[in-house]
Amino acid sequence: MPDIATITINPAIDIFVNVERVEPTKKMRCSAPKRDPGGGGINVARVAHRLGASVAAIYPTGGAIGKLLQRLVEREGIDSVTTPSHVETRENFTAYEEDTGQQYRFVLPGSALHKAEWEACLDRLETLPDKPKIVVASGSIPPGVPEDFFAQVARHAKTFGAKTVLDTSGPALKAALAEGVTLIKPNLAEFSDFVGQPLANDRDRIAACRKLIAAKRVEIVALTLGDDGALLVTSEGAWRSAPLRVEVASTVGAGDSFLGGMVAALAEGKRPEEAFRVAVAAGSAAVMAPGTELCREEDVRRLLADVRVSEVAQAPA
């Protein structure tokens, strides 16, 4: 039985290069490209697998790039449950400017899927021979896929008793919360936009999380705060993590690594506040890795001892 099944409806190949300087019109000579499998759910699957969880990754593939994506995912030891797409799988491109240390990220939207193609991903989830404990729906939604796609994922997961974990934003987040999920992992900008408030301090942030929990739209909110750490809010308490002091090589994949660490620990049976510590270590380990790489297990284990989580006063709903 897989501990975790992830669904990525808009997967990608992530291409990373180094370039001396980014300039308009000129030819910019780049390093040899590094290609990694990408898309929110696939990244979560990769991290959870590295941390010892049994994972199945569900995603559509199309064309030569789709075949490469499947090879890259399976090369990491992750079970792929793929569905065919009539369009080429998308690519994303990240360039690291050596002169300044800045990263330039170009994210493509993905081509439109037919109804039968996105429905096939839901069918694969429903017909998995071994039902997972946790279903993770993560990433963006491409054209042609309805805004309530992740809500439909949550509905399917409930039929076999799985917890649903969600990492998305905008209308897709709103629709899924209307269905009800177990855990969401927004960043501060996404969550502020969702609630329509700036959420400038922890009291406001906890109150906004608790309002969703009281309305039974979600049980757990893991709110990432970038350089300011993270918050975890449940009906029983709220916990704050200060940021770890690590050397930052790249911020790409930090959120997916955080969530991968969280769900791997939850699947192992850890309490939410314990899983939160693993998530913080995984997110911090990811920023130490160059380019589009994710966290490494050895870095997560080493940083875990440095994670400091404190319980904070509960804010009223």
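## A space closed off inside

Let's start with the enclosed space in this predicted model. How many cavities of 30 Å³ or more are there? The count comes to one cavity, and the space in this largest cavity is about 110 Å³. Its lining is made by 15 residues, and those closest to the centre are Pro11, Val87, Glu88, Thr89 and Leu113.

What kinds of residue form the lining of the largest cavity? Seven are polar, six are nonpolar and two are charged.

## The largest pocket

Now for the pockets. The largest pocket has a volume of about 1,300 Å³. A total of 50 residues line the largest pocket, and Thr251, Gly253, Ala254, Gly255 and Asp256 lie nearest its centre. By class, the lining of the largest pocket has 24 polar, 17 nonpolar and nine charged residues.

Where in the chain do these residues come from? Several elements each supply at least two residues of the lining: helix 1, strand 6 (90-97), strand 7 (102-106), helix 6 (188-195), helix 8 and helix 9 (272-288). Keep helix 1 and helix 8 in mind, as they return below.

## The second largest pocket

You can look next at the second largest pocket, with a volume of about 300 Å³. Among the 19 residues that line the second largest pocket, Lys163, Thr182, Glu219, Ile220 and Pro272 are the closest to its centre.

Which element gives the most to the lining of the second largest pocket? Strand 11 does, with three residues. At least two residues each come from strand 9 (163-167), strand 10 (181-184), strand 11 (218-224), helix 8 and helix 9. The lining of the second largest pocket divides into 10 nonpolar, six charged and three polar residues.

## Where two helices meet

Helix 1 covers residues 40-50 and helix 8 covers residues 254-267. Their axes are 8 Å apart, and the two helices pack at an angle of about 55 degrees. Why are helix 1 and helix 8 called oblique to each other? An angle of about 55 degrees is neither under 35 degrees, over 145, nor from 65 to 115, so the pair counts as oblique. The crossing of helix 1 and helix 8 is right-handed.

If you would like to find the meeting place in the structure, look in helix 1 for Gly40, Asn43, Val44, Val47 and Ala48. On the other side, helix 8 brings Asp256, Ser257, Leu259, Gly260, Gly261, Val263 and Ala264 to the contact. By class, six residues of this contact are nonpolar, five are polar and one is charged. Asp256 of this contact is also among the residues nearest the centre of the largest pocket.

Methods. Residues are numbered from 1 along each chain as its sequence is written. This is a predicted model: local features need pLDDT of at least 70, side-chain atom pairs count only at pLDDT 80 or more; totals for chains, interfaces and linings use all residues. Side-chain values use heavy atoms; hydrogens and water are left out. Axes are lines fitted to C-alpha atoms, for helices over the stretch in contact, and angles run from 0 to 180 degrees between N-to-C directions. Helices (H or I, at least four residues) and strands (E, at least two) are DSSP runs, numbered from the N terminus. A crossing is left-handed if the near helix is turned anticlockwise from the far one by less than a right angle, and right-handed if clockwise. Contact means heavy atoms within 4.5 Å. Ala, Val, Leu, Ile, Met, Phe, Trp, Tyr, Cys and Pro count as nonpolar, Asp, Glu, Lys and Arg as charged, and the others, Gly among them, as polar. On a 1 Å grid over the protein atoms alone, a cavity is a set of points where a 1.4 Å probe fits but cannot get out, and a pocket is an open set with protein on both sides within 12 Å along at least five of seven lines; lining residues have an atom within 4 Å of a point. Grid points are joined across faces, edges and corners, and a volume is the space filled by probe spheres set on the points.
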